[in-house]
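Colleague: Could you take me through one part of this model closely? I would like to hear about the sheet and the helices that go with it.

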Amino acid sequence: MTVSIAKQGRVAVVTIDNPPVNASSQAVRAGLLQAVAETEADPSVDAVVLACAGRTFVAGADVREFDLPPVEPHLPDVISAIEAASKPWVAAIHGTALGGGLELAMGCHARIADATARMGLPEVTLGLVPGAGGTVRLPRLVEAELALTMIAGGKPISAEAALEAGLIDAIATGDLLEKAVALAAKLGAPRRTLEKTVIGAANAEAFAKSASDLRRKARGQVSIGAAIDAVERGLRLPADAALAEERATFLALKSSDQARALRHIFFAERATLADPRAKQTPRPVTRIGVIGGGTMGAGIASACLMRGFHVTLIERDETSLEAGANRVRGTLDSSAKRGLLPDLDAVVARFETATDYAALANADLVIEAVFEDMDVKKQVFVQLDAVTRPDAILATNTSYLDVNAIAAVLSDPSRAIGLHFFSPAHIMKLLEIVLPDAVSEDVIATAAKLSKSLAKIGVLSGVCDGFIGNRIMSAYRAEADRLLIDGATPSQVDAAMRDYGFPIGVFEMQDMAGLDIAWAMRKRRLAEGKITGAYIRIADRLCEMGRFGRKTGAGWYDYSDAGAQPSKVVLSIIAEERQALGAAGGDFADADVMPRILGAMTREAEAVLAEGIARSADDIDVVMVNGYSFPRWKGGPMFAARD
């Protein structure tokens with residue numbers, strides 16, 4: 001039964017059991033409405049506890065229903081019935097109470113949570129606003145600024161923060177249901193959230209600044225602005241009027257192009273590891289070795305440590321090892337200060353360092369994160385082959401290089417795989433799992449499980465130069481260079497990309513990453529004969545001048561305390577290269593920039609798909625959204641192209 005009723009004395013326990021996350025589907029809504037009627041009519045019931053079976057409280061709506069016509073009963077009506085009940089309802093929250101789940105809990109007359117619970121209203125991430133009273137009830141329970149950041153920012157909060165803010169009444173120590181029943185038994189008359197008076201933002205200036213910051217960061221995502229407007233209405237309008245406005249906004253947004261795109265990427269991210277090879281029995285992994293303590297290696301080590309793995313970091317000498325270890329400890333310290341590591345000492349205790357590869361004799365998995373040079377990486381794999389167990393998995397973090405060639409130096413190539421992390425590795429969600437020809441299926445399954453253990457989105461990729469993401473990025477970066485030859489300027493291209501929804505443009509991104517990285521890749525590809533057609537030397541000339549980007553104070557832009565400024569030197573070099581290639585140049589229309597960038601992106605993506613490098617068009621969208629900042633609310637390049 002989706003919704004059941006049991007009794008503990010004079011308290012009824014209404015339990016939702018709708019695995020896997022107790023989504024508020026039509027069956028759940030109908031069951032809850034029936035439960036309200038039954039408990040209201042039962043004279044042996046004095047109070048009600050709303051609980052959930054399984055691993056979580058209601059973690060949101062059934063997103064699959066969003067593309068279908070609404071079916072009664074609607075969630076706002078269910079919540080209104082609970083709130084209007086003559087007998088007090090107590091929400092017993094464990095796991096996550098998200099979206100409609102938190103709205104349900106706020107419709108109850110009291111809330112108690114276990115210490116690990118998290119609560120939030122993340123509807124903006126699906127292009128929506130809360131549609132069942134969230135923007136009206138939350139500002140009546142917590143301060144206006146927190147309500148704004150939870151609703152328009154979409155980030156959940158912990159049970160401890162919820163208690164401090166007034167969102168919940170207690171944190172349960174011991175058995176949650178037992179404590180919830182006890183709370184319900186003594187609650188007395190219902191305390192209805194909508195009856196609370198809203199006094200507006202306690203600090204109007206802080207609220208306005210938060211709203212302004214959120215609007216600026218939205219970069220064209222409509223739901224964020226709509227959420228801010230809804231919170232403001234919830235603060236100043238009578239409850240009935242604010243609820244009606246909220247519902248109308250929700251229904252209008254649900255059918256919008258942005259909401260459809262966000263639903264697309266939501267489902268695409270959950271299907272990336274549907275390949276049967278990723279579902280085989282994985283090898284056990286508890287001890288991980290990381291070769292290289294630079295920015296990437298330290299980030300990978302930190303990510304693994306924070307998720308419970310034992311990590312041994314290897315560097316070539318004591319000086320490099322100390323620097324790498326300090327990077328790891330700095331990341332861990334920072335995470336602990338932000339409350340992400342409740343037991344820092346336990347995490348640090350799982351961290352070891354060494355300069356001798358022999359320290360990896362018991363490693364289950366080793367991830368190489370050394371300099372992007374084929375000979376160096378092959379040498380590392382030869383050494384690993386000699387010291388690691390035969391069943392240990394050996395992974396390379398290469399961004400571009402041939403994983404088949406690296407695997408070939410092993411006595412057993414089937415244990416090699418590519419794990420392409422994105423920097424900073426302890427933060428970025430994407431992990432490209434690159435499959436060389438000889439890799440065994442249980443190694444693929446282990447990599448898939450590792451991605452989930454690290455809370456990352458794993459995407460399977462075939463072997464080619466740059467795999468899925470960097471290959472596509474190289475294509476549209478080359479197109480950006482061609483735009484310069486045809487008359488555009490770097491700032492014009494970057495502005496067009498920002499207007500489209502990218503956080504930064506392609507030239508700004510290169511300056512941030514360092515132009516020398518791509519320069520090394522281009523020189524390798526030129527030597528291998530992999531670059532055809534007219535070669536544009538603008539970026540090479542900048543590198544030859546030592547203009548490597550922000551780290552040197554000059555790249556595509558000049559940098560000073562005033563920030564990035566267009567460079568006369570760069571514009572001069574562009575003009576010289578136009579002349580060398582016989583291009584006329586001239587004024588270039590702003591409106592013509594993005595069609596060129598998107599066209600190059602889509603053409604290369606289609607080639608990646610046709611060659612079998614990517615498993616599906618959806619996987620390409622996931623990679624570009626999560627690794628290359630393609631606007632999430634546009635769904636990815638493949639979705640945008642066919643939409």
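**A close look at the sheet**

Modeller: Happy to. Let's begin with one pair of residues: leucine 431 has glycine 458, in strand 17, as its bridge partner. Please keep in mind that this is a predicted model. The pairing of strand 16 (residues 430-434) with strand 17 runs in the parallel sense and counts 5 bridges.

Stepping back, the sheet is an open one of 8 strands, ordered 12-11-10-13-14-15-16-17, and its pairing is mixed. In general, strands of a sheet pair through backbone hydrogen bonds, in either a parallel or an antiparallel way. At the edges stand strand 12 (351-354) and strand 17 (457-461); each has a single partner strand, so one side of each has no neighbour in the sheet. On average, neighbouring strands here are turned by 25 degrees against each other, direction ignored.

Now for the helices that lie across these strands. Helix 13 (residues 318-337) lies across strand 11 (310-314) and strand 12, and runs at about 165 degrees to strand 12. Helix 15 (residues 374-387) lies across four strands by name: strand 10 (287-291), strand 13 (365-368), strand 14 (393-396) and strand 15 (416-421). To strand 14, helix 15 runs at about 170 degrees.

So, to return to where we began: strand 17, which holds glycine 458, is an edge strand with a single partner strand, and strand 16 pairs with strand 17 in the parallel sense.

Notes
Residues numbered from 1 in each chain as written. Predicted model: local features only at pLDDT ≥ 70, side-chain atom pairs only at ≥ 80, totals over all residues. Heavy atoms only, no water. Pairing = 2+ DSSP bridges. Helix = DSSP H or I, 4+ residues; strand = E, 2+ residues; numbered from the N terminus. Axes fitted to C-alpha atoms, helices over the stretch in contact; angles between N-to-C directions. Contact = heavy atoms within 4.5 Å.
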